[in-house]
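Please work through the following exercises with the sequence and the coordinates open beside you. Each one sets a task and then gives a solution in steps.

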Amino acid sequence: MELLDLFTEERPEWGVTELAQALGLPKATVHGLLCSLVEGGMLYRLPSGRYRLGWRIPLLNRVLMESVPLRLEARPRMARLAELYGETVHLAVLERGRVLYLEKQQGNRAIQVNITGVGAYLYAHASALGKVLLSGLSEKEVISIVRTHGLPALTPNTITTLEELLSELRGVRERGYAYDLEEYLPDLCCVAAPIRDHTGQVVAALSFSVPKYRFVEMKQAYRNVIVEAAKEISEALGYEEAKRRIGYVR
């Protein structure tokens, strides 16, 4: 997994020596790993002897994305919201401390948000989705994520201190939703709500992404709709059963 993680958009191609140096392993060990990964279709060996990701990866990704109950339950509801309100609706999970986008539905009034395509990663501290997902973690887990990824300032409105972030997350837990008020991109606002599974854990988040001028006019309406949709998806995943079992009251 450490070897596969080295293949990124910025560096999609590697040689054996480079991989051995990056991993701190002998070349012979790395060569054996590469042979196994090539045989399994996870990597592809170029005529030059260098390596790229293999075509089995998108196949596995398609199987995953088309079979995950969360995505299957969320997709029709997201399409309905995008059609009714004309805005962009996102579904995301937390993957190793960053927001990973699983689904995106774009309405007919929506602006293009190119950084939020399916499979894209974003910082968690600056997005409504990320705040909701972080709110489901313990303070210790949040601190660990901040130590790993930092709190870079993406706009003048971005949260850049741990104290401010922890305070914001306490508010998100209390309210049951989070805002991004031009914190990731200028002139773009978002509202997100948690999706919980049958155990009551926050497993995903749902959001509206809206131009600032429309968001200001309909902030409460967007919030209410996204909270209700996230609740519907949670119930479809068995959250009602969890609430009855643990006596949860919102």
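**Exercise 1: a strand pair and its hairpin**

Task: starting from Ala178, find the residue of S7 that stands opposite, and then describe how S6 and S7 pair.

Solution. Ala178 stands opposite Ala192 in S7. The model is a predicted one, and within it the bridge partner of Asp180 in S7 is Cys190. Taken as a whole, the pairing of S6 with S7 (residues 188-196) is antiparallel and runs over 4 bridges. The two strands form a hairpin in which 6 residues lie between them, and Glu182 in the turn has a positive phi of about 55°.

**Exercise 2: the sheet and the helix on it**

Task: place the strands in their sheet, name the edge strands, and state which helix packs on the sheet and which strands that helix touches.

Solution. The sheet is open, comprises 6 strands and has the order S5-S4-S3-S8-S7-S6, with antiparallel pairing. Its edges are S5 (121-123) and S6 (178-181), each of which pairs on one side only. From one strand to the next, the twist averages 30°. Helix H5 (residues 69-85) packs on this sheet, where H5 touches S3 (88-95), S4 (98-105), S7 and S8 (202-211), and the direction of H5 makes about 60° with that of S4.

**Exercise 3: cysteines and disulfides**

Task: determine how many disulfides the structure holds, and explain why Cys189 does not bond to Cys190.

Solution. A disulfide is a covalent bond between the sulfur atoms of two cysteines, and the cut-off applied here to such a pair is 2.5 Å. For Cys189, the closest cysteine sulfur is that of Cys190, at 7.2 Å, which is too far for a bond. The total for the structure is 0 disulfides. As to accessibility, residues under 20% relative accessible area count as buried and those over 50% as exposed; Cys189, at 4%, is therefore buried, whereas Cys35, at 37%, counts as partly exposed.

**Exercise 4: two helices in contact**

Task: classify the crossing of H6 and H8, and list the residues that make the contact.

Solution. The axes of H6 (residues 128-135) and H8 (residues 162-175) come within 9 Å and cross at roughly 80°. Because angles of 65 to 115 degrees count as roughly perpendicular, H6 and H8 are roughly perpendicular to each other. On the H6 side the contact is made by Lys131, Val132, Leu134 and Ser135, and on the H8 side by Leu165, Glu168, Leu169, Val172 and Arg173. Sorted by character, the residues of this contact divide into 5 nonpolar, 1 polar and 3 charged.

Terms used: Residues numbered from 1 in each chain as written. Predicted model: local features only at pLDDT ≥ 70, side-chain atom pairs only at ≥ 80, totals over all residues. Heavy atoms only, no water. Buried < 20%, exposed > 50% of the residue type's maximum accessible area, 1.4 Å probe, protein only. Axes fitted to C-alpha atoms, helices over the stretch in contact; angles between N-to-C directions. Parallel < 35°, antiparallel > 145°, perpendicular 65-115°, else oblique. Contact = heavy atoms within 4.5 Å. Nonpolar A, V, L, I, M, F, W, Y, C, P; charged D, E, K, R; others polar. Pairing = 2+ DSSP bridges.
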